[in-house]
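Trainee: Could you take me through one part of this model in detail? I would like a close look at the pockets and whatever sits in them.

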Amino acid sequence: MALKFITEESFKTLAKDKKVLARFDFNVPMDKKDGAVIADTTRIDEAIPTIKAILEAGAKKVILMSHFGRPKGKVDMQYSLEPVAKCLAEKLGMEVTLTETALDRGIKTLLGLNESKIILLQNLRFHPEEEGNDREFARQLSTYGDVFVFDAFGAAHRKHASTYEINAFFKNKAYGGLLLKREVESLDRIVKDPKKPFVAVVGGAKVSDKIKIIEALLISVDKLLIGGAMAYPFLKAQGHTVGKSLCSDEDVTLAKRILGMPSKNKIVLPSDHLCSLTFGGEPVDVGQTNIEGDLIGLDIGPSTIVNYNDYLRNAKTVLWNGPMGLFENKAYAKGTLGIAKTLSELKDAFTLVGGGDSVNAVNQSGLASKMSHISTGGGASLEYIENGTLPGIQALKFGID
Ligand code: 3PG
Ligand code: MG
């Protein structure tokens, strides 16, 4: 069975003059200084083509739904979808009606009116049944639409009522949206038979966060370049000193396990570093693998950048997940921005960036448009690469009994 997308004729036939219920991931980051301002609208921007395609198919109404933040099953208006409703209305140039709750009695009335073509259900996670993958909650949501569209790639790793169980009520009437299509097609170029050489760059703070993806990638990559604080447990596991760098015993144990695997020779570690005596303080160049005394490693060093770039320049497929250092601080952003720049210069390689921090770094570098694909899913893209699929995608593809 193949995944069906809204580009198929059968969708257009089913959606014409009907109500289309569509799940998106509108879980956008908010500006911390002012809770009502969306800091990055990418996930909303990426939903617009799907909403427009549904309208173009002649849908009578589009009922949008999403979660937002983690309100833990209770109504908490700091997690209201109101800012998202406003943003959608602006971008679509249409009115968007936000309901009071996802199960509001007024919704049925709204669905019968000619006005309110676009309805956004209030945050699904105000109901504990959403995360509980509750069948009855999914059934109630399903009554709002004749056809279901799933485009919430960023939440497809969650087995929740609106991402999973809802498929029980749309047999042969469930389709993937345009964003889901692009995400799956792009990730499949990493997961299924990637063009070689395939080089992965993995960074971030902790080995424990990335252990599963490292183990999965070691099977298919030619080289796995490691940076960020998670490099230090690997170096320590090899017998190097790491000074006062971030390096938990648990991570050293995991690093030892990985370095004991048959494919350990694919792993490339930093050979020099940018350090400091205080976290984010004055930078000190450490031109060797060992970090001594009280120094804290905060970025990969210049020789490492050259070495990593050499591997990347020959690559035909590149996956990048996680920054190479404390890139939020300009003094320690060279490694991360260096990777972004090299990837942006690759001519015929497929470059995929996934994971919140590396996506931020690419956006900051102004080089985002030069990447082949930037995933809108952090956890979702990692789990897709680990497992080759996600619960929300499986449910959409095969349905639920
Ligand atoms: C995300 O941003 O990771 C997705 O929207 C899923 O949200 P969650 O991690 O709170 O389940
Ligand atoms: Mg998450």
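**Pockets and ligand**

Mentor: Happy to. Let me begin with the second largest pocket, whose volume is about 420 Å³. It is lined by 27 residues, and those closest to its centre are Gly 204, Ala 205, Lys 206, Pro 323 and Asp 357. Three elements give two or more residues each to this lining: α9 (207–220), β12 (296–300) and α15 (379–387). Of these, β12 provides the largest share, with 3 residues. By class, the lining of the second largest pocket holds 13 nonpolar, 9 polar and 5 charged residues. Please keep in mind that this is a predicted model.

Now for the largest pocket, which encloses about 1,300 Å³ of space. Its lining is made up of 44 residues, and nearest its centre lie Asn 27, Val 28, Pro 29, Arg 43 and Gly 356. The elements that each supply at least two residues here are α2 (42–45), α8 (178–191), α14 (356–365) and β15 (373–374). The helix α14 gives the largest share of this lining, namely 5 residues. Sorted by class, the lining of the largest pocket has 19 polar, 13 nonpolar and 12 charged residues.

The largest pocket is also where you will find ligand 1. Around ligand 1 are Asp 25, Asn 27, Arg 43, His 67, Arg 70, Arg 125, Gly 154 and Arg 158. Two of the names in that shell, Asn 27 and Arg 43, should sound familiar: both are also among the residues nearest the centre of the largest pocket. The shell around ligand 1 contains 5 charged and 3 polar residues, and no nonpolar ones. The lining of the largest pocket, by contrast, does include nonpolar residues, 13 of them.

Let us go down to individual atoms. The side chain of Arg 158 has a polar atom 2.5 Å from an oxygen atom of ligand 1. For Asp 25, a polar side-chain atom lies 2.8 Å from an oxygen atom of the ligand. His 67 takes part too, with an N or O atom of its side chain 2.9 Å from a ligand oxygen. As for how much of the ligand is covered, ligand 1 taken alone exposes 310 Å², and the protein buries 85% of that area.

To retrace the path on your screen, start at Asn 27 and Arg 43 near the centre of the largest pocket, then step to ligand 1 in that pocket, and finish at the side chains of Asp 25, His 67 and Arg 158.

Definitions and conventions:
Residues numbered from 1 in each chain as written. Chains lettered and ligands numbered in written order. Predicted model: local features only at pLDDT ≥ 70, side-chain atom pairs only at ≥ 80, totals over all residues. Heavy atoms only, no water. Near = heavy atom within 4 Å. Polar contact = N/O pair within 3.5 Å; in protein donor to acceptor, adjacent residues only side chain to side chain. Areas by Shrake-Rupley, 256 points an atom, 1.4 Å probe, with all protein chains shown as cover. 1 Å grid on protein atoms, 1.4 Å probe; cavity = no way out; pocket = protein on both sides within 12 Å on 5 of 7 lines; lining within 4 Å. Sits in = over half its atoms within 2 Å of the grid points. Nonpolar A, V, L, I, M, F, W, Y, C, P; charged D, E, K, R; others polar. Points joined across faces, edges and corners; volume = space filled by probe spheres on them. Helix = DSSP H or I, 4+ residues; strand = E, 2+ residues; numbered from the N terminus.
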